[in-house]
Amino acid sequence: MRVLKNERLEKEVLLTLSKSDLERDVLTELLSQSHQVKKHGFRSGKIPPSLLFQERGQQAIDAVVHKAVLNAADEIIGDKPLGAPLGYQIENPFTGSSLSDLVDLDIKVHAVFAPEMDDIVWKDVHLDRCIPVPTEEEVNVSMAERAGRVMTSVALDEKRPAAIGDTLVYTMTYTHKDGTIKEMGGSFQLGSNTLPEEFEKTLEGITEGHVVSEGIKVPGDFPDKSLAGKKVNFKINFREIRQTVPHQADEEFAKSQGFETLDALREVVRKSLVDSGEVLSGMILRDSLKKKLGTFQAFDVPASWMESALSALKRDAERKALGSAPSGDATDGDSVGSSNTMDSVQDSVLAEKALARVRANCVIQKVVRDQRFSVSDGELFAYAKAMAQSEGRSIDEVVGFLRRNKNVVDRISSEIQERKALDWMSGQCTIEDKEVSFDGLKSLFGAAEDSI
């Protein structure tokens with residue numbers, strides 16, 4: 001083991017596994033897995049090492065390297081508390097195809113130690129918590145948006161032939177299998193493929209009172225389940241052609257949605273705005289606290305963390321600059337000098353912001369360690385369900401992806417732990433409640449996102 005860097009908050013060492021030790025340990029690892037490998041022509045546990053290596057050589061090398069790092073961890077870390085999991089990478093990845101091709105492996109191990117910081121008196125931290133109180137206008141707008149997503153129909157101002165998008169009101173008669181004549185009424189939007197597509201195409205241009213007799217294969221959701229899937233002769237009288245329009249937020253719409261009155265629907269919409277507002281309020285509160293955590297106290301931070309945070313902020317700034325840059329070139333000397341000054345100021349601002357971000361993350365990680373916040377399988381599954389819903393994928397697809405990508409699971413776990421830590425910290429702080437409209441909350445949330 002050779003020490004490459006040894007600072008107060010960071011240490012890098014180079015571990016070298018000799019070819020002979022590597023061969024021995026990889027062979028041991030392969031033999032321990034031999035009963036799990038199936039190979040035609042060989043009994044379980046009797047597969048030659050050369051064939052085992054072809055099947056699981058890289059996995060065995062990875063396992064040996066991981067064990068070597070763990071065995072050296074105490075010597076690398078000493079008595080310092082880690083600020084992040086011990087990281088490592090193989091400097092010369094193996095590219096051979098057999099045990100005899102193995103060479104000395106160099107592994108760079110990077111340890112980051114937790115910064116020393118003073119305890120925070122949480123009651124001295126003052127935070128504003130937004131209490132969502134939707135205005136009547138906001139409730140009305142939300143009701144109108146909700147109604148507008150549901151279509152209804154109104155009478156035509158002037159009689160005309162049916163067009164795609166119109167609602168056709170009909171009376172349909174058919175002979176039941178017991179010989180009785182059945183009649184049922186209904187309506188559908190032309191062009192919605194409610195009925196077989198080829199049949200709907202024949203209805204464009206019909207007028208009120210149009211009658212058709214047609215043999216149609218009955219869909220599975222037909223009210224008379226005894227005819228589902230069968231071809232039946234129907235006589236259909238199209239009694240009225242109506243214009244299809246969005247619903248208005250009125251008593252009729254409320255009843256169509258299962259509410260007795262418009263006021264009952266209004267209360268549900270109001271509660272929905274409050275629930276959404278409480279989610280935004282929690283995110284705003286956590287963001288506000290996280291910003292304050294970076295300015296509570298000054299302490300040294302690991303250089304690699306600072307470099308990573310600063311690089312991320314610079315990338316974000318460059319993307320924003322490219323998105324807002326005007327067309328044309330500015331090439332005169334004054335503009336170049338001004339640009340250099342602005343760049344210098346921006347670099348200083350970004351460096352200060354990066355330092356605050358890293359310090360905030362250090363405090364959060366300390367609280368996670370002190371409070372021993374963990375992440376359960378149930379919490380990960382709930383996160384996976386939310387991912388599936390937002391991305392329009394099945395839960396099995398998302399779970400499969402997460403199983404194949406441990407780094408993504410680690411990132412999700414860190415996010416859940418951070419949220420728990422921020423919620424715990426905000427619960428210890430002095431809180432002042434302030435009533436805010438729903439639109440006001442959205443504006444505060446937008447401003448918070450822009451500043452991240």
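Does Ser 413 count as buried or exposed, and at what relative accessibility?

**Figure 1. Close-up of Ser 413 in helix H11 of the predicted model.** Ser 413 counts as buried, because its relative accessibility is 15% and the cut-off for a buried residue is under 20%. The residue belongs to helix H11, which spans residues 406-428. When neighbours within four places in sequence are left aside, Ser 413 is in contact with Val 375 and Leu 380.

**Figure 2. Close-up of the packing of helix H10 against helix H11.** The axes of H10 and H11 (residues 406-428) lie 5 Å apart, and the two helices pack at an angle of about 100°. H10 and H11 are therefore roughly perpendicular to each other, the range for this class being 65 to 115 degrees. On the side of H10, the contact involves Phe 401, Leu 402 and Arg 404. These residues meet Lys 406, Val 408, Val 409 and Ile 412 of H11. By class, the residues of the contact of H10 with H11 comprise 5 nonpolar and 2 charged, with no polar residue.

**Figure 3. Close-up of the crossing of helices H9 and H10.** H9 covers residues 377-391 and H10 covers residues 395-404. Their axes come within 9 Å and cross at roughly 120°. H9 and H10 are therefore oblique to each other. The crossing in which H9 passes H10 is right-handed. From H9, the residues making the contact are Phe 381, Ala 384, Lys 385, Met 387 and Ala 388. From H10, they are Ile 395, Val 398, Val 399 and Leu 402. The residues of the contact of H9 with H10 divide into 8 nonpolar and 1 charged, and no polar residue takes part. Leu 402 of H10 appears in this contact and also in the contact with H11.

**Figure 4. Close-up of the open sheet formed by 4 strands.** The strands follow the order E1-E2-E4-E3, and their pairing is antiparallel. E1 and strand E3 (87-90) stand at the edges with a single partner strand each, so one side of each is left without a neighbour in the sheet. Neighbouring strands of this sheet are turned by 15° against each other on average, direction ignored. Helix H2 (residues 49-77) packs on the sheet and touches E2, E3 and E4. The direction of H2 makes about 130° with that of E2.

**Figure 5. Close-up of strand E2 and its pairing with strands E1 and E4.** Strand E2 (residues 10-17) is largely enclosed by the rest of the structure, because 7 of its 8 residues are buried. Strand E1 (residues 2-6) pairs with E2 in the antiparallel sense over 4 bridges. A hairpin through 3 residues joins E1 to E2. Within this pair, Arg 2 stands opposite Leu 14 of E2, and Lys 5 stands opposite Glu 12 of E2. E2 is also joined by 8 bridges to strand E4 (residues 105-112), and E2 and E4 run antiparallel. In E4, Lys 108 is the residue that stands opposite Leu 14. Leu 14 thus has Arg 2 opposite it in one pairing and Lys 108 opposite it in the other.

Terms used
Residues are numbered from 1 along each chain as its sequence is written. This is a predicted model: local features need pLDDT of at least 70, side-chain atom pairs count only at pLDDT 80 or more; totals for chains, interfaces and linings use all residues. Side-chain values use heavy atoms; hydrogens and water are left out. Axes are lines fitted to C-alpha atoms, for helices over the stretch in contact, and angles run from 0 to 180 degrees between N-to-C directions. Angles under 35 degrees count as roughly parallel, over 145 as roughly antiparallel, 65 to 115 as roughly perpendicular and the rest as oblique. A crossing is left-handed if the near helix is turned anticlockwise from the far one by less than a right angle, and right-handed if clockwise. Contact means heavy atoms within 4.5 Å. Ala, Val, Leu, Ile, Met, Phe, Trp, Tyr, Cys and Pro count as nonpolar, Asp, Glu, Lys and Arg as charged, and the others, Gly among them, as polar. Buried means under 20% relative accessible area, exposed over 50%, partly exposed in between (1.4 Å probe, protein chains only). Two strands pair if DSSP finds at least two bridges between them.
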